[in-house]
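Subject: Structure handover

Hello,

Here is the structure you asked about. Please open it alongside this note; my findings follow below.

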Amino acid sequence: MSQQLLQRAWVRLVGHVDGVLLLLTLALMAVGLTTVYSATADSSSRLLAQALNMAIGLSVMWTVAQLPPQKLMRFGVPLYLAGVVLLILVFLFGIKVNGARRWLSLGFTRIQPSEVLKIAVPLMLAWYFHKHEAALKARHYAVACLLLLVPFALIAKQPDLGTAILVGAAGFYVIFLAGLPWKVIIGLLAAGAAAAPFAWTMLHDYQRKRILTLIDPTSDPLGAGYHIIQATIAIGSGGSFGKGWLEGTQTHLEFIPERHTDFIFAVYAEERGLLGNAVLLLLYLLLIGRGLMIAANASTFFARVLAGSITLSLFTYVFVNVGMVSGILPV
């Protein structure tokens, strides 16, 4: 009797969470925590902060899993509108840090509203396409692009082109999964290529410098190229099997910049080597594949495009970070 009660309690607790997805997430969290520990051996507070963030993330994951798509869909419009209003407030009253106005002060804390749009934009667009699912026409895709363009432009204006691109990617994935014709996509790519010279003139000086540094990091080895050079040295020094956990010299001699945040992959690659990198990327591949499988089997149009967009957004984050640290994308 007690065993049956325990089984029922367990089903009620995690019954709405996909078991494979949860296991893959926990595996990646374990890899992440051990790597952060190595990168911050002199600061236990950072490790605890990371563990707390993971606990909060799991709690949010569990909470959202309990909500049926119909209830989740109700958050689309209000969350999007709140996010856009906050971006406007940042533009008018935001705090300027290092030349960029990205933060909004609430008195007791500061928030970065652009982060809200990473989920608000796909949620809003998924709601919009679900509403017009029965008869999608060209005008619906045009309206969706406008809904995406507003937060993209406000975030890029801060300036925060990196976050703007990630928000834009999340929104584009919804539009793509909603059935955007391939001929339109090819036309957009051609237009983007043609507009590249004009876009180059619109970039800030530091953004152009990052792209030029990618081409030749040695042009400024102690300045703009320092991050890429040190990260690639760390990755290369890991060899096939790595130097071992807590044994990374580039890490512990503090050559790797931002080693516990943006360049954490360099820490991992130095200690675990090529084999460890393959295992990590395989875990991400399995997680993304599982997410796409869940999206494909979702019961509603809203759930399919939202789950697909979030999964592909995760792929984008992984690709951008690993590519940046490896020297194939601008920092």
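Leaving aside neighbours within four places in sequence, Thr 300 is in contact with Pro 69, Gln 70 and His 130. Bear in mind that this is a predicted model. Thr 300 lies in the loop between α14 (264-296) and α15 (301-326). Thr 300 counts as buried because its relative accessibility is 16%, and the cut-off for buried is under 20%.

Phe 302 comes next. With neighbours within four places in sequence again left aside, Phe 302 is in contact with Pro 69, Leu 72, Met 73, Leu 123, Ala 126, Trp 127 and His 130. Pro 69 and His 130 also appear among the contacts of Thr 300.

**Nonpolar cores**

The largest nonpolar core has 30 residues. Which of them touch the most other members? They are Tyr 80, Leu 117, Val 121, Leu 125, Phe 129, Ile 175 and Phe 302. Two or more residues each come from α4 (69-73), α5 (76-93), α6 (114-131), α7 (138-156), α8 (161-177) and α15. The largest share is from α6, with nine residues. Another core lies apart from this one. That core has 21 residues, including Leu 28, Phe 265, Leu 280 and Leu 287. In soluble globular proteins, nonpolar side chains tend to be buried together.

**The sheet**

There is an open sheet of three strands, in the order β1-β2-β3. The pairing is antiparallel. β1 (95-97) and β3 (110-111) are the edge strands, and each pairs on one side only.

Take β1 and β2 to begin with. Three bridges join them. Lys 96 stands opposite Arg 101 in β2. The hairpin of β1 and β2 has two residues between the strands, and Asn 98 takes a positive phi near 55° there.

Now β2 and β3. Strand β2 covers residues 100-105, and two bridges join it to β3. Leu 104 stands opposite Ile 111 in β3. Ser 105 has Arg 110 in β3 as its bridge partner. This hairpin has four residues between the strands. In its turn, Gly 107 has a positive phi of about 95°.

Which helix lies across β1, β2 and β3? It is α5, running at about 110° to β2. α5 also gives two or more residues to the largest nonpolar core.

**A pocket**

The second largest pocket has a volume of about 190 Å³. Leu 281, Tyr 284, Leu 285, Ile 288, Phe 315, Val 318, Phe 319, Val 322, Gly 323 and Ile 328 line it. α14 and α15 each supply at least two residues of the lining. The most comes from α15, with five residues.

**Leu 246**

Where is Leu 246? Its place is in the loop between α12 (226-237) and α13 (249-252). Is Leu 246 buried or partly exposed? Its relative accessible area is 32%, so Leu 246 counts as partly exposed. Not counting residues up to four places away in sequence, Leu 246 touches Tyr 37, Ser 38, His 252 and Glu 271. Leu 246 and Ala 126 are 120 residues apart in sequence. In space, C-alpha to C-alpha, they are 44 Å apart. Ala 126 is one of the contacts of Phe 302.

Best wishes

Notes: Residues are numbered from 1 along each chain as its sequence is written. This is a predicted model: local features need pLDDT of at least 70, side-chain atom pairs count only at pLDDT 80 or more; totals for chains, interfaces and linings use all residues. Side-chain values use heavy atoms; hydrogens and water are left out. Buried means under 20% relative accessible area, exposed over 50%, partly exposed in between (1.4 Å probe, protein chains only). Contact means heavy atoms within 4.5 Å. A nonpolar core is a set of buried Ala, Val, Leu, Ile, Met, Phe, Trp, Tyr and Cys residues joined through side-chain atoms within 4.5 Å. Two strands pair if DSSP finds at least two bridges between them. Axes are lines fitted to C-alpha atoms, for helices over the stretch in contact, and angles run from 0 to 180 degrees between N-to-C directions. On a 1 Å grid over the protein atoms alone, a cavity is a set of points where a 1.4 Å probe fits but cannot get out, and a pocket is an open set with protein on both sides within 12 Å along at least five of seven lines; lining residues have an atom within 4 Å of a point. Grid points are joined across faces, edges and corners, and a volume is the space filled by probe spheres set on the points.
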